[in-house]
Amino acid sequence: IVTRLWRQMLEAESGQRGFLLTGRDSYLQPYRAALLEMEDSMHRLQSLHRDERQLAPQILSIEETTRQKMAELATTIELYLDGRNEQWHELMMSDIGREKMDELRHAIRQVIDGETRRIAAGGTEAFGALGRNRLAINTLTLLALLALALFLRNVQRLDRAQAAHDLALRTERDRLEATVIHRTAE
């Protein structure tokens, strides 16, 4: 949003200068459109950064400087339209406009840098969370494989115990049959 606001300010300033140099009303159309868009951009900037305390001074500076620059542009155009050529020319040559643009550029740069730091911190945090999640998933997978190995070992042990029990029953049955046959024969 701040880069959009910067672009709109440049468009307004270009329109104002074009009008002052040529006197053509066609240059006022982009100027007026940019002013309307700047109001919308400043409103969106406020709502987007409402809860951010770190960037609050820079946002306030952007708003104040933008309003001051807009007032300077409007004053220059009003002086021109009133035919006060010396006054608008003096205002243009006073470097107030350049100073306000420098202030705005600086405040916008600070917001962009703050946003860049916040995004980088969010990325670092996200990668950290992904790493922790991977570790947790790998640990759970390892535990599941260990549980499966223990389960299979117990199944084999139960199979061996069942086979031994079956063998003991067969042996006992065979021994009892042999005893019955032997007693029957006696």
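At what angle do helix H2 (residues 28-48) and helix H3 (residues 56-81) pack? Select both helices in this predicted model: the angle is about 160°, and the axes lie 11 Å apart. Angles over 145 degrees count as roughly antiparallel, and H2 and H3 are therefore roughly antiparallel to each other. Their crossing is left-handed.

Next, keep H2 displayed and add arginine 4 and aspartate 40. These two residues form a salt bridge, with 3.4 Å between the closest N and O atoms. The pair links distant parts of the chain, since arginine 4 belongs to helix H1 (residues 2-22) and aspartate 40 to helix H2, 36 residues apart. Arginine 4 is partly exposed at 25% relative accessibility, as is aspartate 40 at 35%.

Stay on H1 and select arginine 7 and glutamate 11. Their salt bridge has its closest N and O atoms 3.0 Å apart. The two residues are 4 apart in helix H1, so about one helical turn separates them. Glutamate 11 is partly exposed, at 31% relative accessible area; arginine 7 is partly exposed too, at 40%.

Then move to glutamate 13 and arginine 17, another salt bridge in H1, with closest N and O atoms 3.2 Å apart. Glutamate 13 counts as buried because its relative accessibility is 12%, under the 20% limit, whereas arginine 17 is partly exposed at 37%. Add Lys69 and Glu72: with Glu13 and Arg17 they are linked in a network of salt bridges. The model has 15 salt bridges.

Finally, select Leu140, Leu143, Leu146 and Leu150, a nonpolar surface patch with about 400 Å² of accessible area together. Leucine 150 lies in helix H5 (residues 96-185) and is partly exposed, at 42% relative accessible area.

Notes. Residues are numbered from 1 along each chain as its sequence is written. This is a predicted model: local features need pLDDT of at least 70, side-chain atom pairs count only at pLDDT 80 or more; totals for chains, interfaces and linings use all residues. Side-chain values use heavy atoms; hydrogens and water are left out. Patches are made of residues with over 30% relative accessible area and no salt bridge: like charges are joined within 9 Å, nonpolar side chains (Val, Leu, Ile, Met, Phe, Trp, Tyr) within 5 Å. Accessible areas come from the Shrake-Rupley method with a 1.4 Å probe; for residues, only the protein chains shown count as cover. A salt bridge is a side-chain nitrogen of Lys or Arg within 4 Å of a carboxyl oxygen of Asp or Glu. Buried means under 20% relative accessible area, exposed over 50%, partly exposed in between (1.4 Å probe, protein chains only). Axes are lines fitted to C-alpha atoms, for helices over the stretch in contact, and angles run from 0 to 180 degrees between N-to-C directions. Angles under 35 degrees count as roughly parallel, over 145 as roughly antiparallel, 65 to 115 as roughly perpendicular and the rest as oblique. A crossing is left-handed if the near helix is turned anticlockwise from the far one by less than a right angle, and right-handed if clockwise.
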